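Work through the exercises below with the sequence and the coordinates at hand. Each task is followed by a solution in steps.

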Amino acid sequence: MGRYDQYSDEELIVRLREGETEISDYLMEKYKEFVRKKARAMFLIGGETDDLIQEGMIGLFKAIQNYQADKETSFRTFASLCIDRQLYSAVQNSNRQKHQPLNSYVSLSDENESDHLEDPGQKIRKHLLLIRKYKNSGTRDHESFKSDGE
């Protein structure tokens, strides 16, 4: 790693653009701990810290690819912004409730052997119909709303 230590990040980006592709690996390694610190400060629903670190490394990679020295900001500042945006985007996507009903599906009836042979789409439709009947009935007695054939 010491080979590039005497150069600024901005100088390294210029050299990277001139064809020294190993500089990309050097910068990824140099900023790895920076990414880890940012990732540890966040929480990803349904994920682990390693998932956030990976997202942060994607943000760092994008920073390396897209940095423009003529925009009068340091590479570190630009990288920080790219990493933060990637992390926030990952957290925001994990917080979406869009797929929660499918991911947390719980059967309303006792399962039996024939349920395993049933088409999953048909099973979901049947349970959604039961839920609608249950909500529209105003009663809380779920036993009276078993579907036909159960």
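**Exercise 1. The nonpolar core**

Task: In the largest nonpolar core of this predicted model, find which residues touch the most other members, and which elements give two or more residues.

Solution.
Step 1. The largest nonpolar core has 28 residues, and those touching the most other members are Leu27, Leu52, Leu60, Ile64 and Phe75.
Step 2. Two or more residues of this core come from each of helix 1 (9–17), helix 2 (22–30), helix 3, helix 4 and helix 5.
Step 3. Helix 5 supplies the largest share, 7 residues.
Step 4. Take Leu60 from the list in Step 1. With residues up to four places away in sequence set aside, Leu60 touches Leu27, Met28, Tyr31, Val35, Phe75, Ala79 and Ile83.
Step 5. As general background, nonpolar side chains in soluble globular proteins tend to be buried together.

**Exercise 2. The two sides of helix 3**

Task: Determine which residues of helix 3 are buried, and how they are arranged about the axis of the helix.

Solution.
Step 1. Helix 3 spans residues 32–40, and its buried residues are Phe34, Val35, Lys38 and Ala39.
Step 2. Viewed down the helix axis, these buried residues fall within an arc of 130 degrees, so they line one face of helix 3.
Step 3. On the face turned away from the buried side sit the exposed residues Lys37 and Arg40.
Step 4. The packing partners of the buried residues are helix 4 (49–66) and helix 5 (75–95).

**Exercise 3. Val35 and Ser80**

Task: For Val35 and Ser80, state how many residues separate them in sequence and how far apart they are in space, then list the contacts of each.

Solution.
Step 1. Val35 belongs to helix 3, while Ser80 belongs to helix 5.
Step 2. The pair is 45 residues apart in sequence, with a C-alpha to C-alpha distance of 8.4 Å.
Step 3. Val35 has a relative accessible area of 0% and is therefore buried. For Ser80 the value is 17%; the cut-off for buried is under 20%, so Ser80 is buried too.
Step 4. Beyond its neighbours within four places in sequence, Val35 contacts Ile53, Gly56, Met57, Leu60 and Ile83.
Step 5. With residues up to four places away again left out, Ser80 touches Phe34 and Lys38. Both of these partners are among the buried residues of helix 3.

**Exercise 4. Salt bridges**

Task: Identify the salt bridges formed by Lys32, Arg36 and Arg40, and say which of these residues are linked in a network.

Solution.
Step 1. The whole structure contains 7 salt bridges. In general, side chains of opposite charge can pair when their charged atoms come close.
Step 2. Lys32 pairs with Glu29, and their closest N and O atoms are 3.1 Å apart. Lys32 is partly exposed at 24% relative accessibility, and Glu29 is partly exposed at 41%.
Step 3. Arg36 forms a salt bridge with Glu33 at 3.6 Å, N to O. Both residues lie in helix 3, 3 residues apart, about one turn of the helix.
Step 4. Arg40 also forms a salt bridge with Glu33, the closest N and O atoms being 3.6 Å apart.
Step 5. Glu33, Arg36 and Arg40 are thus linked in a network of salt bridges.
Step 6. Within this network, Arg36 is partly exposed at 27%, Glu33 is partly exposed at 37%, and Arg40 is exposed at 51%.

Terms used:
Residues are numbered from 1 along each chain as its sequence is written. This is a predicted model: local features need pLDDT of at least 70, side-chain atom pairs count only at pLDDT 80 or more; totals for chains, interfaces and linings use all residues. Side-chain values use heavy atoms; hydrogens and water are left out. Buried means under 20% relative accessible area, exposed over 50%, partly exposed in between (1.4 Å probe, protein chains only). Helices (H or I, at least four residues) and strands (E, at least two) are DSSP runs, numbered from the N terminus. The arc is that of the directions from the helix axis to the C-beta atoms. Contact means heavy atoms within 4.5 Å. A salt bridge is a side-chain nitrogen of Lys or Arg within 4 Å of a carboxyl oxygen of Asp or Glu. A nonpolar core is a set of buried Ala, Val, Leu, Ile, Met, Phe, Trp, Tyr and Cys residues joined through side-chain atoms within 4.5 Å.
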